[in-house]
Amino acid sequence: MTTTRKLRVATVITRFNGGAGQVALNGALALPDGDYERAIVTGGVGMDSTASSTGNGVLFGDEAVANAAAGDLTPAAHAAGMEIVQVGPLVPQISPRDDMAALRTLTRVLADGRYDVVHTHSAKGGVIGRVAAARAGVPRIVHTWHGFPFNEFQSWARRRVYIGLERIAAKRTDAFLAIGSETVTTALRLGLTTPERVRLSWPAVDVDAYATAPGSRAQARRRLDLPLGVKVVGSVGRLTFQKGPEVFARAIARLPDDVFGLWVGGGPMAGELEALTARLGIGERMRWLGHRGDVAAVLPAFDVMAMASRWEGLPCVLVEAIGAGIPLVATAVPSNQDLVLAGETGMLVRPEDPEGLAGAVSALLDDPAAAARMAERARARVGSWFSPAHLGTVLDETYRGNSGRP
């Protein structure tokens, strides 16, 4: 695709928050100055899965920003000069009525030659957005797989439906970015793409922003009002079944009384987890902090980062923790092993295994010298290709139909 005017790119994402939202925002911000007009097209559902009051309508610009849900990144995108479009029926939950309304609305929003490129993210936004873009006649359609909506914890029938939907959307896609090596492998193995249309990508994180300064550990612990001398195991993520927060809590319950658990992030399981914490008898040392905008300031409080996810693509928070020098324990699911090499840059455990998670955490807490060595090796593994600047280059090449490969 060659043109002398600015390329008009619409990023379509169901939920413009969390790791996928931050990657989408960082990529859009990193596009070459003066070469692009950028728009964010998103639904109205926040970090806690509560929908805003858009209904089935569409809001633009200032109105969309004013109606943004909790944790939404649209204010930052709008401040950077991006067009904002909020599509009410674009919600994460499976809802045939909303999904058909979202398809009609998105097709209308993307029509009339308004955009040269549509770049979709997330499962729901990825399928509906690509079909809508194809119906609207958008010249180039790009999709980022942050992982897949199908996984081993679903029934065979549901998994088959999700794979079928991905196949339908893939036929309407010109190029793919896949976050994590296992995501690429799965896509090729299932025939969702051909080798020349897919490119490995990484979470776009400003690693230097998470580097810990002298005194930041003490400041973080004071900020969270933690008792002196305790050991802290932390995690960051939405309170959903995927992220395994109840597994994390059960692991904390197996650790000594001087070990505190911290979880940064809100979500639909909040009430259930508060009740579980009380039943486990760890109310004094398990804190659910909810959504926070200061994760970089909170991370230094952690002695260990423990990820209990049942499935992932490759979460941004692993890169953020590495930048902060925090030793890692993560579940052995795709594509965590791209960063967490067992016994080298961290420790891997089975998903849904609180005893195994507690054991790995204990091993790092009991041997801080080994934990520090793993954290140092992990930091050396994160190269410049994890940076927003690199993602900006990848997007520029992908949007213009240039792979950037030799």
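Residues 218–380 of this predicted model are 39% helix and 17% strand. The C-alpha atoms at the two ends of this segment lie 25 Å apart. In UniProt, an unreviewed entry places the feature "domain: Glycosyl transferase family" at residues 218–380.

Contacts in space were also considered for two loop residues that precede this segment in the numbering. Tyrosine 210 occupies the loop between β8 (198–201) and α8 (216–223). With a relative accessible area of 15%, tyrosine 210 falls under the 20% limit and is therefore buried. Its C-alpha atom is 5.2 Å from that of glycine 323, although 113 residues separate the two in sequence. Glycine 180 belongs to the loop between β7 (175–179) and α7 (181–189). The relative accessible area of glycine 180 is 0%, so this residue is buried. Between glycine 180 and alanine 332 the C-alpha distance is 13 Å, and the separation in sequence is 152 residues.

Salt bridges were searched for over the whole structure, and 18 were found. Side chains of opposite charge can pair when their charged atoms come close. One of these pairs consists of arginine 199 and glutamate 397, whose side chains meet at 2.8 Å, N to O. Arginine 199 is part of strand β8 and glutamate 397 is part of helix α15 (residues 388–399), so the bridge ties together parts that are 198 residues apart in sequence. Both arginine 199 and glutamate 397 are buried.

A further salt bridge links arginine 350 to aspartate 353, with 3.2 Å between the closest N and O atoms. The two partners fall into separate accessibility classes: arginine 350 is exposed, at a relative accessible area of 60%, whereas aspartate 353 is buried, at 14%. The limits applied are over 50% for exposed and under 20% for buried, which is why the partners are classed in this way. Shared partners also join Arg5, Arg8 and Asp116 into one network of salt bridges.

Arginine 114 is paired with aspartate 112, and the closest N and O atoms of this salt bridge are 3.9 Å apart. This distance is within the 4 Å cut-off, and the contact therefore counts as a salt bridge. Arginine 114 is partly exposed, with a relative accessible area of 31%, while aspartate 112 is exposed, with a relative accessible area of 69%. Aspartate 112 is located in the loop between α4 (96–110) and β5 (117–121). The backbone of aspartate 112 has a positive phi of about 65°, although the residue is not a glycine.

Positive phi was likewise found at glutamate 352, another residue that is not a glycine, with a value of about 60°. Glutamate 352 lies in the loop between β14 and α13 (354–366). Its relative accessibility is 41%, and glutamate 352 therefore counts as partly exposed. A cis peptide bond joins proline 334 to serine 335, with omega near -15°. Serine 335 is placed in the loop between β13 (328–331) and β14 (347–349).

Two surface patches include residues of helix α6 (residues 156–170). The positive patch is made up of Arg135, Arg167, Lys171 and Arg172. Of these residues, arginine 167 is situated in helix α6. Arginine 167 has a relative accessible area of 37% and is partly exposed. Patch membership requires over 30% relative accessible area, so arginine 167 meets this condition.

The nonpolar patch is formed by Val161, Leu165 and Ile168, which together have about 230 Å² of accessible area. Isoleucine 168 is likewise in helix α6. At 40% relative accessibility, isoleucine 168 is partly exposed. This value is over the 30% required of patch residues, and isoleucine 168 therefore also satisfies the accessibility condition.

Technical notes:
Residues numbered from 1 in each chain as written. Predicted model: local features only at pLDDT ≥ 70, side-chain atom pairs only at ≥ 80, totals over all residues. Heavy atoms only, no water. Patch = residues over 30% accessible without salt bridge, like charges linked within 9 Å, V, L, I, M, F, W, Y side chains within 5 Å. Areas by Shrake-Rupley, 256 points an atom, 1.4 Å probe, with all protein chains shown as cover. Lys, Arg positive; Asp, Glu negative; His and termini not counted. Charge placed at Lys NZ, Arg CZ, Asp CG, Glu CD. Helix = DSSP H or I, 4+ residues; strand = E, 2+ residues; numbered from the N terminus. Buried < 20%, exposed > 50% of the residue type's maximum accessible area, 1.4 Å probe, protein only. UniProt positions renumbered as here; feature names shortened; annotations may be inferred.
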